[in-house]
Amino acid sequence: MRNPVTGPQVSVQDMFAQSTAVLTQPSPVTFERYERRGGLQSALTYVMLAAVVSAVIAAVFSFLHSDVTFFGQLFSRLIGVPVGFLMFTGAVYLIGRTLFRGTGTYPEVAYTFALFYVPISIVMTLIGVIPILGWLVSLALSLVLVYFGFLAVQSSMNLRDQTQAAVTLVLAWIAQAVVGLIVAGVVGGLFAVGRAVTGS
């Protein structure tokens, strides 16, 4: 069913099949085959699935790492994964459209990115629980995310110029990092004020 704002809705099972296709046949053409099959609501449902899976895995295995806690991992991923995804894909859309006159829609961008982001992020969480080795493999998978993101920008924003696609991706990452730091600073400041007021 198609919604004029969020785009068509598709099942998680269909999205998993589409994810398999884009991961095994990486190219802008493959992404274009699926970018209009779903929309924003479907993308968010898929990303929330990744957030829940990642949160549970990270929380359950938090005892392997001395610098994290069960509830810290649980809530940070449940909130951080979807918020980070929305910030990044929003930046891709705004930068691609403003700087390079990309013609894609935001639902197309979100859906296209969700197709590769969700399965890779779940694998990264699974491997990331392994001390040292997990960090190295996660670093390699981060590079894989960059590669698929590069292809997805070309497809979802219709930017066939590879330089424009690369610049859009880099600027979106910088924008997400800056906004993330600002939000972290504000939240940290609120906690500091709260502690000062309560005297704890």
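1. Let's start with how helix H1 meets helix H3 in this predicted model. H1 covers residues 12-24 and H3 covers residues 40-60; their axes come within 10 Å and cross at roughly 80°. Two packed helices are described by the angle between their axes and the distance between the axes. An angle from 65 to 115 degrees counts as roughly perpendicular, and H1 and H3 are therefore roughly perpendicular to each other.

2. Which residues in H1 and H3 meet? From H1 come Val-12, Met-15, Phe-16 and Ser-19, and from H3 come Ser-42, Ala-43, Thr-45, Tyr-46 and Leu-49. By type, the residues of this contact between H1 and H3 divide into 6 nonpolar, 3 polar and no charged. If you have the structure open, these are the side chains to display for this crossing.

3. While you are at H3, have a look at Gln-41, which lies in that helix. Gln-41 counts as partly exposed because its relative accessibility is 37%, a value between the 20% and 50% cut-offs. Gln-41 and Leu-171 are 130 residues apart along the chain, and their C-alpha atoms are separated by 25 Å.

4. Helix H5 deserves a point of its own. Spanning residues 106-128, H5 bends by about 35° at Ala-114. Is H5 mostly covered or mostly uncovered? It is mostly covered, with 18 of the 23 residues of H5 buried.

5. Now for the aromatic residues. A search of the whole structure turns up 9 aromatic pairs. In one of them, Phe-88 and Phe-113 have ring centres 5.9 Å apart and ring planes at 65°, so this pair is edge-to-face. Phe-88 sits in helix H4 (residues 70-100) and Phe-113 in helix H5, so to speak two distant parts of the chain, 25 residues apart, that the pair links. Phe-88 counts as buried because its relative accessibility is 14%; Phe-113, at 3%, counts as buried too.

6. A second pair also links H4 with H5. The rings of Tyr-93 and Tyr-106 have centres 6.1 Å apart and planes at 65°, so they too are edge-to-face. Tyr-93 belongs to helix H4 and Tyr-106 to helix H5, and 13 residues separate them along the chain. Why does Tyr-93 count as buried? Its relative accessibility is 18%, which is under the 20% cut-off. Tyr-106 counts as buried at 17%.

7. Phe-88 and Phe-113 are also part of a wider group. Together with Phe-31, Phe-116, Tyr-147 and Phe-148, they form one aromatic cluster. Colouring these six residues in your viewer would be a handy way to follow this point.

8. Two serines in helix H6 are worth a visit. Ser-138 is in H6, which runs over residues 133-156, and is buried with a relative accessible area of 14%. Leaving aside neighbours within four places in sequence, Ser-138 is in contact with Met-124 and Gly-128. Ser-155 lies in H6 as well and is buried with a relative accessible area of 0%. What does Ser-155 touch, not counting residues up to four places away in sequence? The partners are Pro-28, Phe-31, Glu-32, Glu-35 and Arg-160. Of these, Phe-31 is also listed in the aromatic cluster.

9. Two loop residues have backbone angles to note. Arg-101 has a positive phi of about 55° although it is not a glycine. This arginine, Arg-101, is found in the loop between H4 and H5 and counts as exposed at 73% relative accessibility. Asn-158, not a glycine either, has a positive phi of about 55°. Asn-158 is placed in the loop between H6 and helix H7 (162-198), and at 30% relative accessibility Asn-158 counts as partly exposed.

10. Last, Phe-100. This residue is found in helix H4 and counts as partly exposed at 21% relative accessibility. From C-alpha to C-alpha, Phe-100 and Ala-165 are 8.9 Å apart in space, with their positions 65 residues apart in sequence. Which residues is Phe-100 in contact with, leaving aside neighbours within four places in sequence? They are Ile-95, Leu-159, Gln-164, Val-167 and Thr-168.

Key
Residues are numbered from 1 along each chain as its sequence is written. This is a predicted model: local features need pLDDT of at least 70, side-chain atom pairs count only at pLDDT 80 or more; totals for chains, interfaces and linings use all residues. Side-chain values use heavy atoms; hydrogens and water are left out. The bend at a residue is the angle between axes fitted to the seven residues ending there and the seven starting there. Helices (H or I, at least four residues) and strands (E, at least two) are DSSP runs, numbered from the N terminus. Buried means under 20% relative accessible area, exposed over 50%, partly exposed in between (1.4 Å probe, protein chains only). Rings of Phe, Tyr and Trp (its six-membered ring) pair if their centres lie within 6.5 Å; planes under 30 degrees apart count as stacked, over 60 as edge-to-face and the rest as tilted. Axes are lines fitted to C-alpha atoms, for helices over the stretch in contact, and angles run from 0 to 180 degrees between N-to-C directions. Angles under 35 degrees count as roughly parallel, over 145 as roughly antiparallel, 65 to 115 as roughly perpendicular and the rest as oblique. Contact means heavy atoms within 4.5 Å. Ala, Val, Leu, Ile, Met, Phe, Trp, Tyr, Cys and Pro count as nonpolar, Asp, Glu, Lys and Arg as charged, and the others, Gly among them, as polar.
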